[in-house]
Amino acid sequence: MELALIGLGKMGLNMATRLVRGGHRVVGYARTKESVDSAVKNGVDGAYSLEEAVGRLTSSPKVVWVMVPAGATTIETIEKVAALLKPGDIIIDGGNSNYKDTIQHAEMLAAKGIDFVDSGTSGGIWGLTEGYSLMVGGKPEVVEKMRPIFETLAPAKDKGWGRVGPHGAGHYVKMVHNGIEYGMMQAFAEGFGILKNKKEFGLDLAQISHIWQHGSVVRSWLLDLAARALDEDTELKDIKPRVADSGEGRWTVFESIDLDVPAPVITLALQMRFASRDEENYPARMLAALRNQFGGHAIKKAE
């Protein structure tokens, strides 16, 4: 098959490369010439405008995979691509869009006769070699048409991907996936933090991570990545303790509230990410001040 892939960041470039290696023709476009040039070196047909990317597709229906940041950029890109397509053509949104936006995109494109698929995509920088987990939403017949693409991107033809429901379902499942990921990452971070602070045992955290990789109930890909990080630097001295969030953890917490489903672990993991960015930490200062006010407890003055 052939398709245009819009967005050649690290993940988009790796996806394009995996598709090319799998025998597909990929026309790649990004906003910067440097990104397109890099993709060309990996066998991608480079395009230097949206119009060129769509125009160079020769098959029917034309397939355009959008892999750009969620929100305004995705909305703008889908609208511009739609203006270049004809009824029966297909747009796939493989980014981290909010599922509510995805449903609106599907409705807007349906009015133009353009088919739409949302593909929640997990795999990060490792997807090129390990394959991607693809959570797909859309009409069954349209998803089936795209099967060769999904089978190539997935770890295996029959593993790691599937249609999970109608439009929006793919991004919804990916959203919850990321919420779970927040909680798992936080648990590993806290556990290794406790181990590190038991100074009298002189624990080797890298060694422990490798022990846990075999036979342990907590063995996982996240543990493998933790082991890799600890092998490189047990103290993690070069890493600033500041953690960003992509937005999907927030959306998962919002959904838990809307659905009256308790999600304390995911919620707290998200809050801990917020705390990691607060260099002033005014709430902690207030706690210290209150403790001093009512109990006369000592406080440390800022330097």
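The legends below describe close-up views of a predicted model.

**View 1. Helices H9 and H12 pack against each other at an angle of about 100°.**
Helix H9 covers residues 169-196, and its axis and that of H12 are 8 Å apart. Because an angle from 65 to 115 degrees counts as roughly perpendicular, H9 and H12 are described as roughly perpendicular to each other. On the side of H9, the contact is made by His171, Tyr172, Lys174, Met175, Val176, Asn178, Gly179 and Tyr182, while H12 contributes Glu248, Gly249, Trp251, Thr252 and Glu255. Sorted by class, the residues of this contact between H9 and H12 divide into five nonpolar, five polar and three charged.

**View 2. Glu248 of helix H12 is shown with its surroundings.**
Glu248 has a relative accessible area of 0%, and it is therefore classed as buried. The side chain of Glu248 is joined to the side chain of Asn178 by a polar contact of 2.6 Å. When neighbours within four places in sequence are left aside, the residues in contact with Glu248 are Asn96, His171, Lys174, Met175, Asn178 and Tyr182.

**View 3. Helices H12 and H13 pack with their axes 9 Å apart.**
Here H12, formed by residues 248-258, meets H13, formed by residues 264-276, at an angle of about 140°, and the two helices are therefore oblique to each other. The crossing of H12 and H13 is left-handed. Gly249, Arg250, Thr252 and Val253 make the contact from H12, and Ile266, Thr267, Leu270 and Phe274 make it from H13. By class, this contact of H12 with H13 comprises four nonpolar, three polar and one charged residues.

**View 4. Thr74 is shown in helix H4, which is made of residues 72-82.**
With a relative accessibility of 0%, Thr74 counts as buried. A polar atom of the Thr74 side chain lies 2.7 Å from the backbone oxygen of Pro69. Thr74 and Asp93 are 19 residues apart along the chain, and their C-alpha atoms are separated by 8.2 Å. Leaving aside neighbours within four places in sequence, Thr74 is in contact with Val68, Pro69, Asp93, Ser97 and His105, so that Pro69 and Asp93, named above, both appear among the contacts of this residue.

**View 5. Ala4 is shown in strand E1, which runs over residues 2-6.**
Ala4 counts as buried, since its relative accessibility is 0%. Although Ala4 and Val27 are 23 residues apart in sequence, the distance between them in space, C-alpha to C-alpha, is 4.5 Å. If residues up to four places away in sequence are not counted, Ala4 touches Val27, Ala53, Leu57, Val63, Val64 and Trp65.

**View 6. His24 is shown in the loop between helix H1 (10-21) and strand E2 (25-29).**
At 9% relative accessibility His24 lies under the limit of 20%, and it is for this reason counted as buried. The side chain of His24 reaches the backbone nitrogen of Met1 at a distance of 3.3 Å. Apart from neighbours within four places in sequence, His24 is in contact with Met1, Leu19, Pro148, Ile149 and Thr152.

**View 7. Leu236 and Asn281 are two loop residues with a positive phi.**
Leu236 is placed in the loop between helix H11 (221-232) and H12, and its phi is near 55°, which is a positive value in a residue other than glycine. With a relative accessibility of 35%, Leu236 counts as partly exposed. Asn281, which lies in the loop between H13 and helix H14 (282-295), has a positive phi of about 50° although it is not a glycine. The relative accessible area of Asn281 is 36%, and this residue is therefore classed as partly exposed.

**View 8. The peptide bond from Ser60 to Pro61 is cis.**
The omega angle of this bond between Ser60 and Pro61 is near 5°. Pro61 has its place in the loop that lies between helix H3 (50-55) and strand E4 (63-66).

Definitions and conventions: Residues are numbered from 1 along each chain as its sequence is written. This is a predicted model: local features need pLDDT of at least 70, side-chain atom pairs count only at pLDDT 80 or more; totals for chains, interfaces and linings use all residues. Side-chain values use heavy atoms; hydrogens and water are left out. Axes are lines fitted to C-alpha atoms, for helices over the stretch in contact, and angles run from 0 to 180 degrees between N-to-C directions. Helices (H or I, at least four residues) and strands (E, at least two) are DSSP runs, numbered from the N terminus. Angles under 35 degrees count as roughly parallel, over 145 as roughly antiparallel, 65 to 115 as roughly perpendicular and the rest as oblique. A crossing is left-handed if the near helix is turned anticlockwise from the far one by less than a right angle, and right-handed if clockwise. Contact means heavy atoms within 4.5 Å. Ala, Val, Leu, Ile, Met, Phe, Trp, Tyr, Cys and Pro count as nonpolar, Asp, Glu, Lys and Arg as charged, and the others, Gly among them, as polar. Buried means under 20% relative accessible area, exposed over 50%, partly exposed in between (1.4 Å probe, protein chains only). A polar contact is a pair of N or O atoms within 3.5 Å; within protein, one must be able to donate a hydrogen and the other to accept it, and residues adjacent in sequence count only if both atoms are side-chain atoms.
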